[in-house]
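Welcome! Let's go through this structure together, one question at a time.

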Amino acid sequence: MSNVPNELKYVASHEWIRDEGNGIVTVGITDHAQDLLGDVVFVELPDLGAEVAAGDDAGVVESVKAASDIYAPLSGEVVAINEALEDAPESVNSDPYGDGWFFQLKLSDAAELGDLLDADGYAAHCESES
Amino acid sequence: MGHKTALHAQHHALGAKLVDFSGWEMPLHYGSQVEEHHKVRQHAGMFDVSHMTIVDVSGAQARSYLRHLLANDVASLQHKGKALYSAMLNEAGGVIDDLIVYLMTEPDAAGEWYRVVVNCGTRENDLRWMADQAVRFDVALTEQPELAMIAIQGPKARQRVEQVVSESRARLVSELKPFFGQESEGWFIARTGYTGEDGLEIMLPEDEAESFWQQLLAAGVAPCGLGARDTLRLEAGMNLYGADMDEGVSPLEAAMGWTLALEPVDRDFVGRAAVEALKASGAASKLVGLVLTERGVLRAHQKVVVEGVGEGEITSGSFSPTLGYSIALARVPVGTGSTAAVEMRGKQVPVQVVRPPFVRHGEKVFS
């Protein structure tokens, strides 16, 4: 079974969200998602400063096997992107909740945080998809 | 799930991600298919390919039968153990399967026989076709489902095998020439493969497969799954049946023209008339290599656009771990030059058109 840390929030499209406080969240894809994708070889991230709405395309992750869209789980402005993924896309596989993070958002509507899944809810969602 | 090879418990114990492959539960990877790929290019990796179908062809007319069945000519096999790559065609000249045939005896020896290895996904169709074509020949077709098959591939592959096998097998491994196979103490050891590296394919009794696998593991040979097998063969420019060609595709449209033995002209092989007719009129399409050096991964079935010429389609595409960018095989109009564009995610992306292979013995080989 894949790793679903309790302290994170999730969306059904397999992104995880860490609330950094002060209206900033960090976003990546889950262990379950990277396992399904297999070896990640390219990551296309959103532009710094881009405004995204919850559910918008915010990049692409390409593995040896498939290309998959990354969605913005919340609305806000992209305030940081993980440029290290350019040279080390394999971090998405080896450390999906750490070095494999994708981008940070400055939230435009903190109330959206209430719409996210907790670890149990996300684990149940994965179970229902398998 | 479906059939399991004699090495299934080993795959499970090694944490393999198992997938269904034509009814067989086979390892896709053991953690990272990219790392497995690099192991084969730089050192040595091993693949369980026991799902492949082995058919022995014997009888007084074994040679005549194979000269009728196959588009390449087994009469060109001049030495015991020599292997031949061939297409098996239907009457319309489409590829029923591609296969390797080994001459198992001295040519023209009494009791001359051959070993044929065909794809697993086409097994039933192949066996039916081979049996149908055998009716008017004095031949016996004997499937060997009790043989396991392990491919050990990479620059260090033969050396690692020599370390763990008996003295006589080790001597054979060190002396065996490329594209030859020989029997040794009940094993059939061939210097063939599907990776573009040096290496071996070894067919051995199922009950000996586990201990041999474990000895190879202990000698540092990395277990590799079907994922790495696919990226390795793609870099080596080798076709995959069902992706790059099938019954509706002529070998002339699948970069397999070199496997068609049209001389001698009186050899009447299945599909000959169709192949000759297409050769005379000229095939409309050809199989080429594509290279995308910028970000993105070429994938099967993406549309290829050749400005002023026409359109084609990618038949196999992936990321090349050795090169660090994406490569593909594509069927395109014959008039295609050195550039094309691929429709990827709604955009047309320019690609270079090359002649495969892309990688041989660990090095880039196209320009």
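Q: Which residues of chain B does UniProt give for "domain: GCVT N-terminal"?
A: The UniProt record, an unreviewed entry, places that feature at residues 7-262 of chain B. Keep in mind as we go that the model is predicted. Over residues 7-262 the chain is 30% helix and 27% strand, and the end C-alpha atoms of that stretch are 41 Å apart.

Q: What other domains does UniProt list, and what makes up each of them?
A: For chain B, the record lists "domain: Aminomethyltransferase C-terminal" (unreviewed entry) at residues 286-359. Over residues 286-359 of chain B, the chain is 0% helix and 62% strand, with end C-alpha atoms 20 Å apart. For chain A, the annotation "domain: Lipoyl-binding", again from an unreviewed entry, covers residues 24-106. Over residues 24-106 of chain A there is 13% helix and 42% strand, and the end C-alpha atoms are 5 Å apart.

Q: Why are helices α3(B) and α4(B) called oblique to each other?
A: Helix α3 (residues 62-69) and helix α4 (residues 123-134) of chain B pack at an angle of about 120°, with axes 10 Å apart. Roughly perpendicular covers 65 to 115 degrees and roughly antiparallel starts over 145. An angle of about 120° fits neither range, so α3(B) and α4(B) are oblique. The crossing of α3(B) past α4(B) is right-handed.

Q: Which residues make the contact between α3(B) and α4(B)?
A: From α3(B) come Tyr65(B), His68(B) and Leu69(B). From α4(B) come Trp129(B), Met130(B), Ala131(B), Gln133(B) and Ala134(B). They divide into 6 nonpolar, 2 polar and no charged residues.

Q: What makes α2(B) oblique to α8(B)?
A: Helix α2 (residues 33-42) and helix α8 (residues 226-235) of chain B pack at about 50°, and their axes are 8 Å apart. Roughly parallel would need an angle under 35 degrees, and roughly perpendicular begins at 65. About 50° lies in neither range, and therefore α2(B) is oblique to α8(B). The crossing of α2(B) and α8(B) is right-handed.

Q: What kinds of residues meet where α2(B) contacts α8(B)?
A: The contact divides into 3 nonpolar, 4 polar and 3 charged residues. On the α2(B) side are Gln33(B), Glu36(B), His37(B), Val40(B) and Arg41(B). On the α8(B) side are Gly227(B), Ala228(B), Thr231(B), Leu232(B) and Glu235(B).

Q: How do you know that chain B and chain A touch?
A: Contact means heavy atoms within 4.5 Å, and 14 residues of chain B are in contact with 16 residues of chain A. The two chains bury about 1,400 Å² between them, 47% of it on carbon and sulfur atoms. Arg295(B), Arg299(B) and Arg345(B) supply 47% of the area that chain B buries against chain A, more than any other three residues.

Q: What makes Phe179(B) worth pointing out?
A: Most residues other than glycine have a negative phi. Phe179(B) is not a glycine, yet its phi is positive, at about 65°. Phe179(B) is found in the loop between α6 (167-175) and β10 (181-184) of chain B.

Q: Which peptide bonds are cis, and where are they?
A: Most peptide bonds are trans. The bond joining Glu263(B) and Pro264(B) is cis, with omega about -5°, and Pro264(B) lies in the loop between α8 and α9 (272-281) of chain B. The bond from Pro356(B) to Pro357(B) is also cis, with omega near 5°. Pro357(B) sits in the loop between β19 (347-354) and β20 (359-360) of chain B.

Terms used: Residues are numbered from 1 along each chain as its sequence is written. Chains are lettered from A and ligands numbered from 1 in the order in which they are written. This is a predicted model: local features need pLDDT of at least 70, side-chain atom pairs count only at pLDDT 80 or more; totals for chains, interfaces and linings use all residues. Side-chain values use heavy atoms; hydrogens and water are left out. Axes are lines fitted to C-alpha atoms, for helices over the stretch in contact, and angles run from 0 to 180 degrees between N-to-C directions. Helices (H or I, at least four residues) and strands (E, at least two) are DSSP runs, numbered from the N terminus. A crossing is left-handed if the near helix is turned anticlockwise from the far one by less than a right angle, and right-handed if clockwise. Ala, Val, Leu, Ile, Met, Phe, Trp, Tyr, Cys and Pro count as nonpolar, Asp, Glu, Lys and Arg as charged, and the others, Gly among them, as polar. UniProt positions are given in the numbering used here, feature names are shortened, and annotations may be inferred rather than shown by experiment. Buried area is the accessible area (1.4 Å probe) that two parts lose on being put together, summed over both.
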